[in-house]
Structures are given as C-alpha cells and as structure tokens.
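Hi,

Here is the structure I promised to pass on. Have a look at it first, then read my notes below.

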2 protein chains.
Amino acid sequence: MPRWANAVPNRAEQQDLKRKAIIREAARIFSRRGCHGATLDDVADRLGVTKPALYRYVRNKHDLLFACHEEAMDIGDKALESGAAQGTTGLQKVRIAMTAYLSEMIGELGVPVLILEENALQGVEAETIYARRDAFETRLRGLVELGVQDGSILPLNPKLAVFMLLGSVHWVTKWYKPDGAWSADDVSDALIELATRSLAANPAHELSASIHIAAPVPLKPGPN
Amino acid sequence: MPRWANAVPNRAEQQDLKRKAIIREAARIFSRRGCHGATLDDVADRLGVTKPALYRYVRNKHDLLFACHEEAMDIGDKALESGAAQGTTGLQKVRIAMTAYLSEMIGELGVPVLILEENALQGVEAETIYARRDAFETRLRGLVELGVQDGSILPLNPKLAVFMLLGSVHWVTKWYKPDGAWSADDVSDALIELATRSLAANPAHELSASIHIAAPVPLKPGPN
DNA sequence: TATTTTTGTTACTTTCTGGTAACTTTAATT
DNA sequence: AATTAAAGTTACCAGAAAGTAACAAAAATA
C-alpha cells in the first residue's frame, strides 16, 4: 500500500483523492523541471508508486498536464471572485484577488503556477486553457480599470499593469521555499502590498507587512 | 550556403558569428519551449541547416544551454554596471539597470531570459551559472539598499523588492511580441517606470511613458 | 474460506532525439 | 586547373521515456 492513502473513505472517493494527489505532485514537478523535463517515473517515485499505476487515474501525460492547468485556473477564478466580492475600491479588489491567488498557489495544497511552455499543451486542451487564461487576465484587467475609474488607481495601461503583477506573482514559485521562515500568507501579503503600490493613486508612505522589515526572505540557492 | 552568413568577414570571424547566431536562436527556442522541449533539429531548422552542422560550433546541447545562460548573464552584468555608473540616487541606479537589462533582453539581438528549469544545467556549469546569478541578484539588491539609505527608496526588504522586480521583468518574455506596435525600449521604459514606482519613497503622481496612456500593449494570444 | 474485483508491478515495445561516422559539396590556396 | 581544407549532409546508433500487456498481490464480497 503506497503512502498516498491517508484516510480511508469509500472507494470512489479514494480514487478521487489519489488522482488529486497525482495532479498536485505532477504540477510541482512540471513547474520545476518543465513538462518535458519531468518524467512520469519521477512523479510516480515521489508518490511511492511505479509509473503504470498512474495510468489508472490519468489517461496520459498530456491529460495530466491539462488537469494541472485546470486546477491552477480554478484557483485563479476563485481568487478573482473573492477579490471582486470583498474589495470596496478597485485597488482593493485587485489586492485581495492577487493575494488570494498567490497564497493559494504556493500554499500547502496549492498547484504551483505552471509556466506554460509553448507547445506543451496541444489541440483542444491547449485552446481550452488559453481561453481560460485570457478570460482570467481580462477579468483582472477589469478590476484594474475599475480602480482607475474610482480613482484608487492612477491612470495607466491596464494590460501593462496586469502583466507586471502577474510577472512578480508567478515568479514567486521560482524562489519561494515553503520550509523557510515565512509562511505562504506572509509572502503573499508582503509581495502584493509591494507590487500593487505601483498602481496606487495615493501610495502609502510605509509598508505594513512585517516581512518588509525583517531581513531574510527565504530564498533558494541553486536553480532559480 | 545557409542563410546565416550575411556579411563576409574573414574565416575565424565568420565562425564566431555563426556560433553567436546559434546561441541566440537556441536561447529563443529554449526559453519558449523549455530546454527539454526544444530539439536541436528545431534550432537547426530555424537556421536553415541540419543538426550535425551545429556540432561544428557547439560541443553538445548542454554546452549550448550553458552558452545561452552566459550570454544572458553578460547582459545582466552590463546593465548593472551602467545603472551603478549613471544613476545618482539608488532608485535611479535600479531603474537604469533594470531598463537596460530588459531592453537588451527582448531587443533584436538579445538573448531572451532563460527561465532556468531545475536540472536543465548540471555539474560545474550549473554551479557557475547559479553563482553568477546569485552575484547578479546580490549586486542588484545592493543598489536597492543604497536607495533605502539615501532616502530615494522607502524602507523595505531588499530581497523581496528584487524578486518582485525580476519577476515582472522576466515575465515580459512571455507576452511581448517584437512585431507589435511597441518597441523593446517602449516596453522597457514603461514597465520599469511602473514596477519601480512601488519602491519609490516619493512616487510620482502620474506616469510619463506614453505607453501607459495609449491602449493596446501588443500581447500574444495563445501560450503565455 | 473461496471468488471476484481492484490496484499495482514487472517486463516489454515504440518513438523520439542527442550524438557520431562516413561521405559530399563548397570554397580557398597553390 | 589541381589540391586541400572547411562546412554540411545523409544515414545511422544508443539511450531515455511514454505507453502497453500480462501477471501478482491486496481487498472486498460471497
């Protein structure tokens, strides 16, 4: 009995849990080593199983990659949702959304952002993900535009602003190590506070999150 | 005679030019499709040659990847140099350095950032690149600290700030398309002005670069 | 306890791609 | 023009990794 079975719910549920575990682990490895650089043997090893076992839960590697991206987009949509709902000003909506997005992403159960290599996904599945990603960016841009209108964000090109934010957020997966001194929430709060300060019509004169003062952000020597 | 020979200098120079062309093209493909996702046949095809021809100029794929990273780090070092030399305040040094870095990177002859996949590089060469990258980040952090001391940058965690900047900068390679309405310099100026505004002790009340006002940043539908 | 179903393994095939060897073409030199 | 060296090509080899088939172990059911 491999180590992925913790609790013991009924059969179908068990299957679902295992599939989710595979996806999470695969996402981690894919986003670190790239889709082509990661082997299914790697994924299987990490789960204490052999490769053919995976094929009971996933059609093939392509399907697995697709599932990873879907998971990631689900997180993104959820984050946008909460931002749009909870924030009062446009700027606040953006902040809440991005903070949720990031902390979910790098948190314990999150699917670390998959930096999509061109041609890794193909066919209908590729189109599906590209469409979802476009929709995500468009919605986020909408929040920025809202902020420009309500005066919380200074006049700027929303596309550029969104790209800037997404860049600094996605890059976190390259340096953040969960086993360091800072929790996923610490890092998320601090990074978003800093990054969104560039958009603010009236930027604060000091930064609040404690991580800004305390010195060492846990960084990872070795590959970025 | 393949299409990479434009001018006709002497023999050794010719060789060098071809090697550089290979590195540039490889960097482009590596950073789009990932090191493992890119084949040497792809690189060769783009240059109008067959794979074995490459081996006259490069020892092997690993060596080629290493060369790409060295090129990228050269650009980084040069950018830091000019920033440190030309800027008066710490904030200005950071701005100049990052703008130069980015525009060189995405410009015509630049080597687009290689987002290093873990384990893509190995052995001594990996160590070499990691060391150079660490040195680069440390130096950049130094400029930020300078800014904090001279009051141009508000008190913050320099590591976090640098990671934020590098993220938004490196991400540009995911969305910028050179054949759009905006030049590499346009994008670089605008993005850095925006991103570094988050660090500024006294952020400007409006953005200067024209791209901030004009609407559509050329973005690329399809893979990010 | 015997039977059946589920889950996973070992052993294999196939494809793709990095790398090499032997040959051909092009161009410089005498 | 003949000779020699450089630059590329075609044809191949070897290894790695995706995916499959046939079997074994475990667990549920009877």
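Let's start with a term: contact here means heavy atoms within 4.5 Å. On that basis, chain A and chain B each put 55 residues into their contact. Before going on, please keep in mind that this is a predicted model, where local features need pLDDT of at least 70, side-chain atom pairs count only at pLDDT 80 or more, and totals for chains, interfaces and linings use all residues. Residues are numbered from 1 along each chain as its sequence is written, chains are lettered from A and ligands numbered from 1 in the order in which they are written, and side-chain values use heavy atoms, with hydrogens and water left out.

**Where the two chains meet**

Together, chain A and chain B bury about 5000 Å², with 63% of it on carbon and sulfur atoms. (Buried area is the accessible area, with a 1.4 Å probe, that two parts lose on being put together, summed over both.) On the chain A side, the residues that lose the most area to chain B are E118(A), L160(A) and W171(A), together 14% of what that side buries.

The rule finds two salt bridges across this interface (a side-chain nitrogen of Lys or Arg within 4 Å of a carboxyl oxygen of Asp or Glu). In one salt bridge, R32(A) meets E118(B), at 3.4 Å from N to O.

Which elements of chain A give two or more residues to the side that touches chain B? They are α1 (11-33), α6 (123-150), α7 (158-175) and α8 (184-196). Helices are DSSP runs (H or I, at least four residues), numbered from the N terminus. α7(A) gives the most, with twelve residues.

**Where the protein meets DNA strand D**

There are 21 residues around DNA strand D, and K51(A), Q15(B), K18(B), T50(B) and Y57(B) come nearest. A residue is near the strand if one of its heavy atoms lies within 4 Å of it. Looking from the DNA side, 66% of the strand D atoms within 4 Å of the protein belong to sugar or phosphate, and the rest to bases.

Some polar contacts (N or O atoms within 3.5 Å of each other) are worth finding on screen:

- K51(A) has a polar side-chain atom 2.8 Å from a base nitrogen of strand D.
- Q15(B) has a polar side-chain atom 2.9 Å from a phosphate oxygen.
- L40(A) uses a polar backbone atom, 3.2 Å from a phosphate oxygen.

The largest share of the surface near strand D comes from α1(B), with three residues.

Cheers

Conventions:
A polar contact is a pair of N or O atoms within 3.5 Å; within protein, one must be able to donate a hydrogen and the other to accept it, and residues adjacent in sequence count only if both atoms are side-chain atoms.
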